Amino acid sequence: MPKLLSDQIDEHELEIILRELEKAISSEGDIVEFGCYVGTTSVPMTKRLAATDKKLYVYDSFEGLPEKTIEDQSPAGLQFKSGELAASKKQLIKNFKQAGLPLPVINKGWFSEISNEQVPRSICFAYLDGDYYLSVLDPLKLIWNKLSPGAIILVDDYANEALPGASKAVDYWLKTHPAKLKIEHSLAIITPIV
Ligand SMILES: C[S@@+](CC[C@H](N)C(=O)[O-])C[C@H]1O[C@@H](n2cnc3c(N)ncnc32)[C@H](O)[C@@H]1O
């Protein structure tokens with residue numbers, strides 16, 4: 001496997017992401033990633049999409065993490081601060097060009113300000129990697145009604161005590177939105193029951 005572009009995921013995690021993408025790819029719709037950073041995951045996902053008619057839509061503030069909410073507080077996660085993990089859109093584009101890949105649809109902005117029109121009409125696979133409570137919950141709200149039958153959502157850091165907001169957002173959402181939930185590595189693998 002080629003070298004990863006950052007330490008934001010490890011090879012095992014990427015294997016799981018690509019495996020789940022493979023399962024979802026036969027379903028209708030496009031792919032979204034909320035929290036793309038420098039493209040560590042977007043670049044290998046785009047390689048897999050090359051021979052398909054599917055598009056990748058990526059979303060990021062490109063200003064790093066927002067402020068934590070109460071749900072994100074953890075003594076194990078003091079290194080995560082507002083502004084941390086800021087990557088430029090330029091760097092993301094450069095990484096795609098260096099890999100010889102077509103660019104995804106890039107949306108710059110806070111997830112809370114993304115409009116319905118900026119999200120594809122139909123989605124078969126979503127990777128949510130915004131680290132914080134609202135950074136997972138806001139995308140869940142944006143994508144849920146657009147998921148096609150067979151769609152899969154992966155949420156990173158579900159099993160990460162440094163980032164407790166991710167699992168709190170998933171658990172809160174699934175109370176009222178039925179889905180199967182499986183945990184593997186640090187990922188929540190969510191299959192909505194539609
Ligand atoms: C862990 S990194 C993502 C890593 C990326 N998936 C990869 O594979 O390289 C988290 C990213 O989410 C973005 N982010 C977090 N919360 C956000 C929010 N509420 N709105 C916009 N971007 C956000 C940060 O700017 C950061 O780039």
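## How helix 1 meets helix 2

Helix 1 passes helix 2 in a right-handed crossing, a term that applies if the near helix is turned clockwise from the far one by less than a right angle, with anticlockwise being left-handed. By class, this contact has five nonpolar residues, one charged residue and no polar ones; here Ala, Val, Leu, Ile, Met, Phe, Trp, Tyr, Cys and Pro count as nonpolar, Asp, Glu, Lys and Arg as charged, and the others, Gly among them, as polar. The residues that meet are Leu14, Leu18 and Leu21 from helix 1 and Pro44, Met45 and Arg48 from helix 2. Being in contact takes C-beta atoms, placed from the backbone, that lie within 7 Å of each other.

Helix 1 covers residues 11-24 and helix 2 residues 42-49, and the two pack at an angle of about 35° with their axes 11 Å apart. Those axes are lines fitted to C-alpha atoms, for helices over the stretch in contact, and the angles run from 0 to 180 degrees between N-to-C directions.

## What kind of model this is

This is a predicted model, in which local features need pLDDT of at least 70 and side-chain atom pairs count only at pLDDT 80 or more, while totals for chains, interfaces and linings use all residues. Residues are numbered from 1 along each chain as its sequence is written.

## The overall picture

The protein has five helices and seven strands. Both kinds of element are DSSP runs, numbered from the N terminus: helices are H or I with at least four residues, strands are E with at least two. Going along the sequence, they follow the pattern α-β-α-β-α-β-β-α-β-α-β-β.

On overall dimensions, the C-alpha trace spans about 45 × 35 × 35 Å along its principal axes. A compact globule of 194 residues would have a radius of gyration near 16 Å, and the protein, at 15 Å, agrees with that. The radius is taken over C-alpha atoms, and the globule rule is 2.2 Å times the number of residues to the power 0.38. Of the 194 residues, 39% count as buried, using a cut-off of 20 or more other C-beta atoms within 10 Å of a residue's own (exposed is 12 or fewer, partly exposed is in between, and C-beta atoms are placed from the backbone). Take the contacts between residues at least 6 apart in sequence: 76% of them join residues at least 24 apart.

## Met45, up close

Met45 sits in helix 2 and counts as buried, with 23 C-beta neighbours inside 10 Å. Setting aside residues up to four places away in sequence, Met45 touches Leu21, Ile31 and Leu56. Its C-alpha atom is separated by 6.8 Å from that of Leu18, 27 residues apart along the chain.

## Helix 4, boxed in

Helix 4 (residues 133-143) has nine of its eleven residues buried, so it is largely enclosed by the rest of the structure. Among the buried ones are Tyr133, Ser135, Asp138 and Pro139. The buried residues pack against strand 1 (30-34), strand 4 (123-128), strand 5 (147-155) and helix 5 (164-176).

With helix 5, the axes come within 7 Å and cross at roughly 35°. Tyr133, Val136, Leu137 and Leu140 in helix 4 meet Gly165, Ala166, Lys168, Ala169, Val170, Tyr172 and Trp173 in helix 5. That contact has nine nonpolar, one polar and one charged residues.

## Loop residues worth a look

Two residues that are not glycine have a positive phi: Phe62, near 55°, and Asp131, about 75°. Phe62 lies in the loop between strand 2 (56-60) and helix 3 (89-98) and is partly exposed, with 17 other C-beta atoms within 10 Å. Asp131 is in the loop between strand 4 and helix 4, and it counts as buried, with 24 C-beta neighbours inside 10 Å.

Glu71 also belongs to the loop between strand 2 and helix 3, and is partly exposed, with 18 other C-beta atoms within 10 Å. Leaving out neighbours within four places in sequence, Glu71 is in contact with Tyr133, Pro164, Gly165 and Lys168. The C-alpha atoms of Glu71 and Tyr132 are separated by 8.1 Å, with the two residues 61 apart along the chain.

## Around the ligand

The ligand has 23 residues around it, of which Gly35, Tyr37, Thr40, Thr41 and Ser135 come nearest. A residue counts as near a molecule or strand if its C-beta atom, placed from the backbone, lies within 6 Å of it. The shell divides into eleven nonpolar, nine polar and three charged residues.

Key:
Contact = placed C-beta atoms within 7 Å.
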